[in-house]
Amino acid sequence: MARGDHYDVVGFDADDTLWKSEDSFREAEQLYVELVSPYAPDGVDVMRSLEAIELDNVSISGYGVKAFALSMVQAAVTATSGAVPSKVLGQIVDHAHDMLMQPVELLPGVPETLAAVGRTHRLVLITKGDLVHQLRKVRTSGLDHHFEHIEVVLDKDADTYRRILAEWHIEPARFAFVGNSVRSDVLPVVEVGGAGIHVPYHITWGHEVVDDHDGGFTELESITDVPVWLAE
């Protein structure tokens, strides 16, 4: 019996699993530091200020480019005690708008992988972030036809996966999920009884990094390894 015979449904994360995402946030952070640092007092780390405000705002505004833009504006005002010019705030907002309009850049081997796994399993997509932006990326990616269900959620914790799997009538033990985040894509799925498959991306947001865990999941080098892993 192949490993894949133990699963009926294979789920996939979207950002940094199917297409690039975190790269644009890192570029935006670099621009933010360049624009805001000249107006911050000596001794103020504008990047640390942004990171702290961004984490504090997760429970208020969630994830995604829009939430990130609000955090950048708030952090710019806070770190400079209001000295940051309106022109700089406008540049930050304009860059965030550009991020929202960026075309989707698929990661290597993604279409072929989805086609291969889809020949033997039902596929679903579960991603978190801004509803409008995420659905736009799914639609324009050209990948939406592979998925039986698509869900954009505020956060990915065990309760969220339990709710979704119950709504879709999927037995957790017959479910495997592929994603780049140990915190969001792997550990919660393992907790509810599914199989977590971690495919690391070369950049990971610090909030998604988990160093202290009990394991219990699979680590693959590339998403293209998923069909082979299922077939073994």
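**Exercise 1.** Determine the strand order of the open sheet in this predicted model, and identify which strands stand at its edges.

*Solution.* Six strands build an open sheet, and their pairing is parallel. Read across the sheet, the order is β3-β2-β1-β4-β5-β6. The edge positions belong to β3 and β6 (218-219); each has a single partner strand, so one side of each lacks a neighbour in the sheet. Helix α7 (residues 158-167) packs on this sheet, where it touches β2, β3 and β4. The direction of α7 makes about 150° with that of β3.

**Exercise 2.** Describe the pairing of β2 with β3 and the handedness of the connection between them.

*Solution.* Strand β2 (residues 122-128) pairs with strand β3 (residues 149-153) in the parallel sense, over five bridges. Within this pair, V124 lies opposite H149 of β3. From β2 the chain runs through helix α6 (residues 131-141) to β3, a β-α-β crossover that is right-handed.

**Exercise 3.** Characterise the packing of α3 against α4: what is the relative direction of the helices, and which kinds of residue form the contact?

*Solution.* Begin with the geometry. The axes of α3 (residues 65-79) and α4 (residues 86-101) come within 10 Å and cross at roughly 165°. Angles over 145 degrees count as roughly antiparallel, therefore α3 is roughly antiparallel to α4. The crossing of α3 past α4 is right-handed.

Next, consider the contact. The α3 residues include F68, M72 and V73, and those of α4 include L89, I92 and M99. By class, the contact of α3 with α4 comprises 13 nonpolar residues, no polar and one charged.

How values were computed. Residues are numbered from 1 along each chain as its sequence is written. This is a predicted model: local features need pLDDT of at least 70, side-chain atom pairs count only at pLDDT 80 or more; totals for chains, interfaces and linings use all residues. Side-chain values use heavy atoms; hydrogens and water are left out. Two strands pair if DSSP finds at least two bridges between them. Helices (H or I, at least four residues) and strands (E, at least two) are DSSP runs, numbered from the N terminus. A crossover is right-handed if, with the strands pointing away from the viewer, the path from the first strand over the helix to the second runs clockwise. Axes are lines fitted to C-alpha atoms, for helices over the stretch in contact, and angles run from 0 to 180 degrees between N-to-C directions. Angles under 35 degrees count as roughly parallel, over 145 as roughly antiparallel, 65 to 115 as roughly perpendicular and the rest as oblique. A crossing is left-handed if the near helix is turned anticlockwise from the far one by less than a right angle, and right-handed if clockwise. Contact means heavy atoms within 4.5 Å. Ala, Val, Leu, Ile, Met, Phe, Trp, Tyr, Cys and Pro count as nonpolar, Asp, Glu, Lys and Arg as charged, and the others, Gly among them, as polar.
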